[in-house]
Amino acid sequence: MKVTFTAKLKLRHSPEQKIALDAVTLAYRDALNHTSRVAFEQNKMSSAMKLQTLTYTGIRETFDLPSQMACNVPRQVAATNKGLWTKLKQHNDRQAQIITVKPKRRFRPFRGFDAPAKYVSRTLTYNFGRDFSWKKGQQVSVQTLEGRQVMAYEGYAAHLKHIEAGCKIGAAKLYYQRGKRQYYLLVSFEVDLPDPQPADHKTVVGVDVGQRYHAVVTDTRDRSLFFSGQAINQKKGCFEAVRKTLQRKGTRSATRRLIAFSGRERRFIADRNHSLAAQILNAYPEAVIGLENLKDIRERVGPHTRTKADKTAKVAGGSEQAKAEKRRKNNRRRSQWSFAELQTFIAYKAPFKGSMAVQVDAHYTSQQCVKCGHTSKQNRPGSGLLFVCEVCGFQVHADLLGARNIALRTLAVRQDWTATGALSVRPDVSDKEAKAARLLRYAELRWSPDTSP
Ligand SMILES: [Zn+2]
């Protein structure tokens with residue numbers, strides 16, 4: 001099984017090397033913007049070949065880029081345009097579909113092609129062997145306008161091990177973090193891992209994410225971990241307060257601060273998620289790890305049902321109530337995203353620990369009794385911390401119940417895997433019938449302290 005990873009390498013650049021990297025990334029960005037304008041004038045061209053013929057000489061002469069990089073510029077612009085064409089097509093298809101049902105419906109026009117795509121951040125693409133290569137003693141050589149620069153790098157130990165062992169290297173992206181005045185090289189590499197076998201994944205784990213506990217993890221032998229969400233919620237509250245003041249101020253410098261600030265918040269959450277993922281994977285090695293399909297949770301919460309209060313808020317327009325509603329929505333979106341990130345990190349790091357992640361339905365994981373299968377909202381009296389089954393009286397911490405249900409569903413996935421040899425990493429959620437059958441099966445799953453596989 002070939003798996004592609006991306007290693008984030010921190011470059012140890014000297015002040016002179018930083019100047020060289022600044023020069024090449026800025027030249028590359030200017031070349032991208034120039035090429036983007038040309039492509040835009042040529043009917044939003046998306047053919048890399050044609051665009052290259054049109055712009056290559058100009059890029060070489062005007063921006064002084066080395067030949068390989070000058071080839072990457074039109075390729076990148078063409079890819080951006082191709083993406084936009086696809087989006088436009090999807091946009092039109094969607095409209096055509098809706099218009100058959102609601103002929104009078106008006107649509108917002110597609111804005112992607114209003115102006116040439118603008119490239120703002122300093123990034124550039126390197127090709128392995130052509131304009132970047134490894135040097136002895138954990139060093140990398142990268143192309144700049146003033147020839148090659150050799151510098152040391154740091155990174156995640158598991159990644160470095162593979163790179164040193166000489167795995168297959170793909171393209172790399174040079175990326176600049178402004179706050180830290182630091183360049184990183186994002187290198188994609190391919191590792192050939194042995195195909196996972198059920199026998200090598202004896203532990204079955206469920207991971208439940210939520211507000212109160214950022215994550216609750218349990219395996220089928222009832223070894224559980226609780227990761228409090230308090231610290232992260234508090235910090236989020238702080239960020240929220242600062243964001244509010246800055247937004248209210250609304251000056252240009254406030255907007256600038258706001259952008260820097262959102263980056264800091266994102267990195268804080270990413271740090272926390274990285275550490276959580278590592279702790280979870282270390283606690284349960286060689287495991288099948290079940291993650292909830294977060295899309296189901298959104299469905300479970302249901303489409304935002306408009307209450308009377310909402311309607312009056314809409315009429316009042318920009319009233320405090322409407323703002324509060326918007327804020328709540330934003331918060332929900334933000335936490336959904338931070339949960340999705342945690343899952344991505346777990347899934348991504350799992351193969352390094354001999355584990356693998358699978359996705360399971362999240363429907364009713366907080367309402368279904370693991371002792372008798374009874375599913376009801378009333379199993380959560382007062383929506384409190386405790387789950388109490390209406391039918392059998394079984395009591396358990398509400399968040400742990402979610403994790404147990406997910407672990408049980410993951411166990412079902414593993415049983416299928418053992419029986420059929422095929423692994424459905426992600427159940428097909430689009431098929432209503434299959435979903436109903438699956439939910440029926442989940443209702444038969446029972447928890448016992450030694451539900452060992
Ligand atoms: Zn029960």
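**Exercise 1. In which order do the 5 strands of the open sheet that includes β12 stand, and what is the pairing?**

Solution. Step 1: the order of this open sheet of 5 strands is β10-β9-β8-β11-β12, with mixed pairing. The model under study is a predicted one.

Step 2: consider the edges. β10 (224–228) and β12 each have a single partner strand, so one side of each is left without a neighbour in the sheet.

Step 3: consider the twist. Direction ignored, neighbouring strands of this sheet are turned against each other by 20° on average.

Step 4: examine individual pairs. Strands β8 (residues 203–209) and β9 (residues 213–219) run antiparallel and are joined by 5 bridges. Within this pair, V205 has D219 of β9 as its bridge partner. By contrast, β11 (residues 287–292) pairs with β12 in the parallel sense, over 5 bridges. Here L291 is opposite Q359 in β12.

**Exercise 2. Identify the helices α6 and α10 as packing elements, and state which strands each touches.**

Solution. Step 1: helix α6 (residues 252–283) packs on the sheet that contains β10 and touches β9, β10 and β11. The direction of α6 makes about 170° with that of β10.

Step 2: helix α10 (residues 398–420) packs on this sheet as well, with contacts to β8, β9, β10, β11 and β12. Its direction makes about 140° with that of β8.

**Exercise 3. Is the edge strand β12 enclosed or open, judged by how many of its residues are buried?**

Solution. Step 1: count the buried residues, for which the cut-off is under 20% relative accessible area. In β12, 5 of the 5 residues are buried, and the strand is therefore largely enclosed by the rest of the structure.

Step 2: assign the side-chain directions. In a regular strand, side chains alternate between the two faces of the sheet. In β12, M356, V358 and V360 point one way, whereas A357 and Q359 point the other way, and all are buried.

**Exercise 4. Which residues coordinate the zinc ion, and what is the arrangement of the donor atoms?**

Solution. Step 1: list the donors. The SG atoms of C369, C372, C389 and C392 coordinate the zinc ion at 2.2 to 2.3 Å.

Step 2: test the geometry. The 4 donor atoms subtend angles of 107 to 114° around the zinc ion, and the arrangement is therefore tetrahedral. For reference, the ideal angle for four tetrahedral donors is 109.5 degrees.

Step 3: read the spacing of the donor residues in sequence, which is C-x2-C-x16-C-x2-C. C369 belongs to the loop between β12 (356–360) and β13 (386–388), and C392 to the loop between β13 and β14 (395–397), so this pair ties together parts that are 23 residues apart in sequence.

Step 4: compare the accessibility of these two donors. C369 has 0% relative accessibility and counts as buried, whereas C392, with a relative accessible area of 41%, is partly exposed.

**Exercise 5. Where do the residues K44 and Y364 lie, and what is the sign of phi at each?**

Solution. Step 1: K44 is located in the loop between α1 and α2 (48–63). Although K44 is not a glycine, its phi is positive, at about 50°. Its relative accessibility of 22% makes K44 partly exposed.

Step 2: Y364 is located in the loop between β12 and β13. Y364 is likewise not a glycine, and its phi is positive at about 60°. With a relative accessible area of 38%, Y364 counts as partly exposed.

**Exercise 6. Describe the open sheet of 7 strands and the largest nonpolar core.**

Solution. Step 1: the sheet has the order β2-β6-β7-β1-β5-β4-β3, with antiparallel pairing. At its edges stand β2 (123–126) and β3 (132–135); each has a single partner strand, so one side of each lacks a neighbour in the sheet. Neighbouring strands are turned by 35° against each other on average, direction ignored.

Step 2: as one pair, β3 and β4 (residues 139–144) run antiparallel and are joined by 4 bridges, with K135 opposite Q139 in β4. Helix α3 (residues 67–101) packs on this sheet, touching β2 and β4.

Step 3: the largest nonpolar core holds 43 residues, of which L65, Y126, F132 and L185 touch the most other members. Helix α1 (residues 15–41) supplies the largest share of this core, 7 residues. Apart from it lies another core of 21 residues, including A215, L294, F345 and A350.

Methods. Residues are numbered from 1 along each chain as its sequence is written. This is a predicted model: local features need pLDDT of at least 70, side-chain atom pairs count only at pLDDT 80 or more; totals for chains, interfaces and linings use all residues. Side-chain values use heavy atoms; hydrogens and water are left out. Donors are N, O and S atoms within 2.8 Å of the metal (3.2 Å for Na, K and Ca); water is not among the atoms, so sites may look incomplete. Four donors count as tetrahedral if all angles lie between 85 and 135 degrees; four count as square planar and six as octahedral if opposite donors are over 155 degrees apart and all others between 65 and 115; anything else is irregular. Helices (H or I, at least four residues) and strands (E, at least two) are DSSP runs, numbered from the N terminus. Buried means under 20% relative accessible area, exposed over 50%, partly exposed in between (1.4 Å probe, protein chains only). Two strands pair if DSSP finds at least two bridges between them. A nonpolar core is a set of buried Ala, Val, Leu, Ile, Met, Phe, Trp, Tyr and Cys residues joined through side-chain atoms within 4.5 Å. Axes are lines fitted to C-alpha atoms, for helices over the stretch in contact, and angles run from 0 to 180 degrees between N-to-C directions. Contact means heavy atoms within 4.5 Å.
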